[in-house]
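User: I'd like to talk through the cysteines and the charged side chains in this one. Can you take my questions in turn?

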2 protein chains.
Amino acid sequence: MAKTIICSVGTSASKKLGIHPKKLEDWVNQQDNLEDAAQKMFQSFASFEPTDENLRDNLSAEIHSLVRIGIDVSDRVLLFASETPDGHCCALAVKHYLEQYWPRTIVEVEPINGLQVNDASRFRNQGVVEFIKKALAAIDAYGNVILNPTGGYKALVPYTVLLGMIKGVKCDYIFEQSTSLLELPPLPLEFNKSQFEAYKDLFEDIERDSAVSKSKWEQRVPYEERPWFEPLVEISGDNVTLSAVGFLFLDIIRKPTALVPFLSQKAIKEIFKDLAPLDDCDPFRFLLRVSQSDQAFQQAVHLNQDSGLYWLKPGRTTDRYLVSKEGWRLLVWRAIREDQIGAQYPAKVVVNPDRDRSNYAPFMRMEYVN
Amino acid sequence: MAKTIICSVGTSASKKLGIHPKKLEDWVNQQDNLEDAAQKMFQSFASFEPTDENLRDNLSAEIHSLVRIGIDVSDRVLLFASETPDGHCCALAVKHYLEQYWPRTIVEVEPINGLQVNDASRFRNQGVVEFIKKALAAIDAYGNVILNPTGGYKALVPYTVLLGMIKGVKCDYIFEQSTSLLELPPLPLEFNKSQFEAYKDLFEDIERDSAVSKSKWEQRVPYEERPWFEPLVEISGDNVTLSAVGFLFLDIIRKPTALVPFLSQKAIKEIFKDLAPLDDCDPFRFLLRVSQSDQAFQQAVHLNQDSGLYWLKPGRTTDRYLVSKEGWRLLVWRAIREDQIGAQYPAKVVVNPDRDRSNYAPFMRMEYVN
């Protein structure tokens, strides 16, 4: 399957020029133009074929790691560069090399505004935010993404890792000086979406207007909840803006990769009393499975009601579930036994989600202990 | 407040020796002994006082970041070094420097077995595991910990960040070439403890015997749940062992930093019907607050029953909660109104948790939507 590798880029592509990293920006500026500088840099390592020895000693960290990850003709490589001329130049040189040895692989260079090392506050408030936004856009657009933080600033690694965990994308990188690839699979971490969602409109205000005033923030978010939100916003003077992590959380709320099942009061009774004791029913595993993949959900749909409700059927068992999707939640309204209610159950068990909701609420998250 | 800084150590303390990092191990081995090498290295930068300029240009990444974090006489610095002689030597040189300029600060050097760059599999299976275990022990022992991944292997950064997020400890590090400290506050991330706990005994078997057989693993963990557990174990041949992340999760289950409230079926009715509509009651915020800090819990305890149950009282309001602690869960059995039941409510509302449990179960996690 074609994959997209998001690769942060540092300055190791310059190593064969023999210029000290601190002098590299000057060198780039002394060339006729950026493309000329990139060509000169590329020529300094163009003849080193991607052998084990050259990967380790003569080629850049990005090329080394991309070869270990395994790039293929149908793949796409996104080289996320710093905004500095030297970072941009190194990314272009890496692109030329990849295009020479893997001519059909798509390689794109993206300089990221704010990604630089002279101003830490701009790094955090602009560079990391832009990096996360561009990476999110790529994950949405291409699917099957691998994050590769081998090259580039060490200070960016925490955010790359976090992005991978929250979006369920793996990170592959090379162990320094080693030739083996380390893989950090997406960890099963989550955040309290209910707590975040309670202020979603406020975050959308920030997103639209770039910032809200501190007084508006404090008026809205109670004092004792503010520590929870601290990593999600940047407060500077009277302005409250979203942090890179805040943008990441907002993205997840809007485009959930999996749903979280919530059970109505009726469904709790039905599931725990009527269904769970049956030998061939596992309502929890079934509801988890259909929540975690849209494909599994579609396969389980037995009837699609006009009201936005669906009847789900696990297979040859007798359990049937009346559910609806609400943002990142899967609401389970009813959980019935077809052998008790009969084949006409959709006509017999009727729910009007708007009118009857208060009879079913609160919907409790499906996590329990007996 | 006295703090403990856990600081991974690289080789930048050697920069004033003018030896290429790849030749550093040879140099260390050529000295009379490790302490002699460390003294020589220390002397190469001992006279540079910790001024802004020296921190940036002449002193090591660890010293630079520690000074920016702010070390104080009552603090403790744990220098986690690689297992290599050069890494160990650099850590000792940094220790000598810190002891010269901050003579009352406690500085300890801990070489970590398996922390090296020649064998990626040993890095992951031993180095990272030892690093996480030692860091967890320090967090338990000292409280008020800061993680500082400025120095040391870039490949260790993802694990340091993860440790910080899961244990609620902040990471402070220095932006390369910059003089500003970046802070990564502990993010509000969690993992599905219920899912992990279902196999806690199996993980404890692995911990006790170092490994279990692959057949035992596959017999116990159903096929469709295995992807969830993939990052938590290492499977090599017929052996299943715990990964660094697996150890981290096991630690959290055993020593939760916060409890998660679960409501009995009776408590759900009482809270949503009787208490939530009252103007001056906020049962959800109250239960969250007592779950998140032991101090808040102790302050709210009104009566401690012999049965392991506690009556909690928020303040001057009428709501009272009968709760128990069960591992990382706070079980809420009852939620009553004192103005309805009367001042003698503890005598009137009696629960025998062992005998009556099935009347209260299932306890549902307190996360809901109306």
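User: How many disulfides does the structure hold over all chains?

Analyst: Keep in mind that this is a predicted model. A disulfide here needs two cysteine sulfur atoms within 2.5 Å. Take C89(A): the nearest cysteine sulfur, that of C90(A), is 5.7 Å away, so with that cut-off C89(A) is in no disulfide. Over all chains, the number of disulfides is zero.

User: And C7(B): which cysteine has the nearest sulfur, and is C7(B) buried or exposed?

Analyst: C7(B) is in no disulfide either, and the nearest cysteine sulfur is 12 Å away, in C171(B). The relative accessible area of C7(B) is 0%, and the cut-off for buried is under 20%, so C7(B) is buried.

User: On to charges. What does the salt bridge between K167(A) and D251(A) tie together?

Analyst: The two side chains meet at 3.0 Å, N to O, and both residues are buried. K167(A) sits in helix α7 (residues 157-167) of chain A, while D251(A) is in helix α12 (residues 244-254) of chain A. The pair therefore ties together parts that lie 84 residues apart in sequence.

User: D205(A) and R208(A) form a salt bridge too. Which of the two is exposed?

Analyst: Both lie in helix α9 (residues 200-209) of chain A, three residues apart, or about one turn of the helix. Their closest N and O atoms are 3.4 Å apart. D205(A) has a relative accessible area of 17%, so D205(A) is buried. At 59%, the exposed one is R208(A).

User: Where does R285(B) lie, and what does its salt bridge with E225(A) join?

Analyst: The side chains of R285(B) and E225(A) meet at 2.8 Å, N to O. R285(B) lies in helix α14 (residues 283-292) of chain B, and E225(A) is in the loop between α10 (214-220) and α11 (226-229) of chain A, so what the pair joins is two chains.

User: How many salt bridges are there over all chains, and which residues are linked in a network?

Analyst: The total over all chains is 62 salt bridges. The network links E190(A), R365(A), E367(A), E190(B), R365(B) and E367(B).

User: Last one: which elements give two or more residues to the positive surface patch?

Analyst: The patch is formed by K266(A), K269(A), K273(A), K266(B), K269(B) and K273(B). One of them, K266(A), counts as partly exposed because its relative accessibility is 35%. The elements giving two or more residues are α13 (265-275) of chain A and α13 (265-275) of chain B.

Terms used
Residues numbered from 1 in each chain as written. Chains lettered and ligands numbered in written order. Predicted model: local features only at pLDDT ≥ 70, side-chain atom pairs only at ≥ 80, totals over all residues. Heavy atoms only, no water. Patch = residues over 30% accessible without salt bridge, like charges linked within 9 Å, V, L, I, M, F, W, Y side chains within 5 Å. Areas by Shrake-Rupley, 256 points an atom, 1.4 Å probe, with all protein chains shown as cover. Salt bridge = Lys/Arg side-chain N within 4 Å of Asp/Glu carboxyl O. Lys, Arg positive; Asp, Glu negative; His and termini not counted. Charge placed at Lys NZ, Arg CZ, Asp CG, Glu CD. Helix = DSSP H or I, 4+ residues; strand = E, 2+ residues; numbered from the N terminus. Buried < 20%, exposed > 50% of the residue type's maximum accessible area, 1.4 Å probe, protein only.
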